[in-house]
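User: Please take a close look at one part of this model, a loop residue and what its side chain meets. Then follow the contacts outward into the rest of the chain.

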Amino acid sequence: MRENDATAPPREALVDASAIEHNVRVLREITGTPECIAVVKANGYGHGALTAARAALAGGATRLGVADVREALALREAGITAPVIAWLHAPDVDFTEAVRSGVEIGLSSLEQVRAAADAGARTSRRADVHLKLETGLGRNGAHRSEWHDLFAAAAAEEAEGHLRVIGIFSHLSGTSRADDLAQAEAFHDGIALAERHGLDGRLRHIAATAAAIDIPEARLDAVRVGIGIYGVSPLADRTPSDLGLRPAMTVRSRVAAVRRVAAGHGASYGYRYRAPRETTYALVPLGYADGMPRQASNAGPVAIRGERFRVAGTIAMDQFVVDVGDLPVEVGDEVLVFGDPSHGAPLAEEWAEAAGTIGYEIVTRIGPRVERTVVGDQRDGPARERRA
Ligand SMILES: *Cc1c(COP(=O)(O)O)cnc(C)c1O
């Protein structure tokens, strides 16, 4: 890690593609499922969708998952040819472009089965679909009372050559092992019913990262792993390294100003922090516009010169203050906000804890002002590559 490097950007997210690759390999080993769907929605959880997609495929992912068709099409336009599935659609969705681009679609209703079949008929290229069953989460997916009609319609459209049912899936709440197993049981009822409609031997997938790790019964034919591939733990009681995972994103900054202050001096809006004694305030040019949660005021951890500090006072839009005591901190010093603890950085999970949220939200919300730098990507030649 650089210190006092005048060429380093003031706000930077280093994305380690080799960590994503490693994490996929680890998750594949843990789960042993025939297929592994790497979830790269929301710009690869903030890491860059294309970077994440390439690294995940290099690590052994067999498919990619995103929320909506536009995200899938962006991957296609960038040259990703691997299977991609998109599962969340607008009410008036038109699947023509998805089918034309070979994007697989998750279908949650009879209307969506019709829309996919229409798109298949129009393009004379069968729509590749996964049928989504609602088994308790209360989000999308066909409700149990609709399964019969859904399977009947899908089987009929498949016979017509308009679509092909590649998979059947659901999504777990992660409330407890018992709740997840109850959903898995409901899912098996759905699978059995699908088989009675001739839809057997399809890819069954229900587990995201947490269940992929903790609930072997939910692994089935494929797991859909998102957060784990980025090296962030979905489990409150285990860190990434407990799981053999490496955090892929390091957010860092450089000290923009230092100021010696007297005891009692306030820090930032509302003086929610006052220096307990004469001390040094270091200013870090990262704020809530960059994804630093304001809820982590007076709490978020950083590392400067190998020492740990907490945010002093309110996190503002563009900046926050750190009370570094008597440490001889200088303008330009590197500030590690979160990343891989083996490099001395706090974990994204610690920021999550400080803000009362989850690691997912911390990495996903890193803003556009933070320059992404991809490292550890050997396939493009130079080990270090800059993508804004
Ligand atoms: C986001 C998402 C995933 C990935 O979940 P993680 O907890 O990040 O592994 C899997 N499946 C669906 C349907 C999702 O929306």
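Analyst: In this predicted model, a polar atom of the Ser 233 side chain lies 2.6 Å from the backbone oxygen of Arg 238. Ser 233 belongs to the loop that runs between β9 (222-225) and β10 (249-254). With a relative accessible area of 7%, Ser 233 counts as buried, because the cut-off for that term is under 20%.

Beyond its neighbours within four places in sequence, Ser 233 touches Arg 238, Thr 239, Pro 240, Leu 243 and Glu 349. Leu 243 is 10 residues away along the chain, and its C-alpha atom is 7.8 Å from that of Ser 233. The chain is divided into domain 1 (62-228) and domain 2 (248-385). The centres of the two domains, taken over C-alpha atoms, are 40 Å apart.

Glu 349, one of the contacts of Ser 233, leads to helix α10. This helix spans residues 348-355 and is mostly covered, with six of its eight residues buried. The buried ones are Ala 348, Glu 349, Trp 351, Ala 352, Ala 354 and Ala 355. They pack against four strands, β13 (301-304), β14 (307-312), β15 (320-325) and β16 (334-338), and against helix α11 (359-364). Just after α10, Gly 356 has a positive phi of about 70°.

Trp 351 of α10 has a long list of partners. Leaving aside residues within four places in sequence, Trp 351 is in contact with Met 292, Pro 293, Ala 296, Gly 300, Pro 301, Val 302, Val 311, Ile 315, Phe 320, Val 337, Phe 338 and Ile 362. Trp 351 is also among the residues with the most contacts inside the largest nonpolar core, together with Leu 131, Phe 151, Met 292, Phe 320 and Phe 338. That core has 117 residues, and at least three of them come from each of domain 1 (62-228) and domain 2 (248-385). A second, separate core has six residues, including Val 261, Ala 267, Ala 312 and Val 321.

Two contacts of Trp 351, Pro 301 and Val 302, point to strand β13. Both faces of β13 are covered: Pro 301 and Ala 303 are buried on one side, Val 302 and Ile 304 on the other. β13 pairs with β14 in the antiparallel sense over four bridges, and Ala 303 stands opposite Arg 308 of β14. The two strands form a hairpin with two residues between them, and Arg 305 in that turn has a positive phi of about 50°. β13 is also joined to β16 by two bridges, again antiparallel; here Ile 304 has Val 335 as its bridge partner.

Leu 131, another of the residues with the most contacts in the largest core, takes the path to strand β6. All six residues of β6 are buried, so the strand is largely enclosed by the rest of the structure. Ala 127, Val 129 and Leu 131 are buried on one side, and Asp 128, His 130 and Lys 132 on the other. β6 belongs to a barrel closed by eight strands with parallel pairing, in the order β2-β3-β4-β5-β6-β7-β8-β9. Neighbouring strands of this sheet are turned by 30° against each other on average, direction ignored.

Within the barrel, three bridges join β5 to β6 in parallel, and Ile 105 of β5 has Val 129 of β6 as a bridge partner. On the β4 side, strand β4 (residues 84-86) pairs in parallel with β5 (residues 104-107) over two bridges, where Ala 86 is matched with Ile 105. Helix α6 (residues 110-123) lies across β5, β6 (127-132) and β7 (163-169), and runs at about 155° to β5.

The loop between β6 and α7 (144-160) holds Thr 135, which is buried with a relative accessible area of 12%. The side chain of Thr 135 makes a polar contact of 2.8 Å with the side chain of Ser 170, and one of 2.8 Å with that of Gln 183. Apart from its neighbours within four places in sequence, Thr 135 is in contact with Trp 147, Ser 170, His 171, Gln 183, Ala 186 and Phe 187.

Technical notes: Residues numbered from 1 in each chain as written. Predicted model: local features only at pLDDT ≥ 70, side-chain atom pairs only at ≥ 80, totals over all residues. Heavy atoms only, no water. Buried < 20%, exposed > 50% of the residue type's maximum accessible area, 1.4 Å probe, protein only. Contact = heavy atoms within 4.5 Å. Polar contact = N/O pair within 3.5 Å; in protein donor to acceptor, adjacent residues only side chain to side chain. Domains from an automatic or database assignment. Pairing = 2+ DSSP bridges. Axes fitted to C-alpha atoms, helices over the stretch in contact; angles between N-to-C directions. Core = buried A, V, L, I, M, F, W, Y, C linked by side-chain atoms within 4.5 Å.
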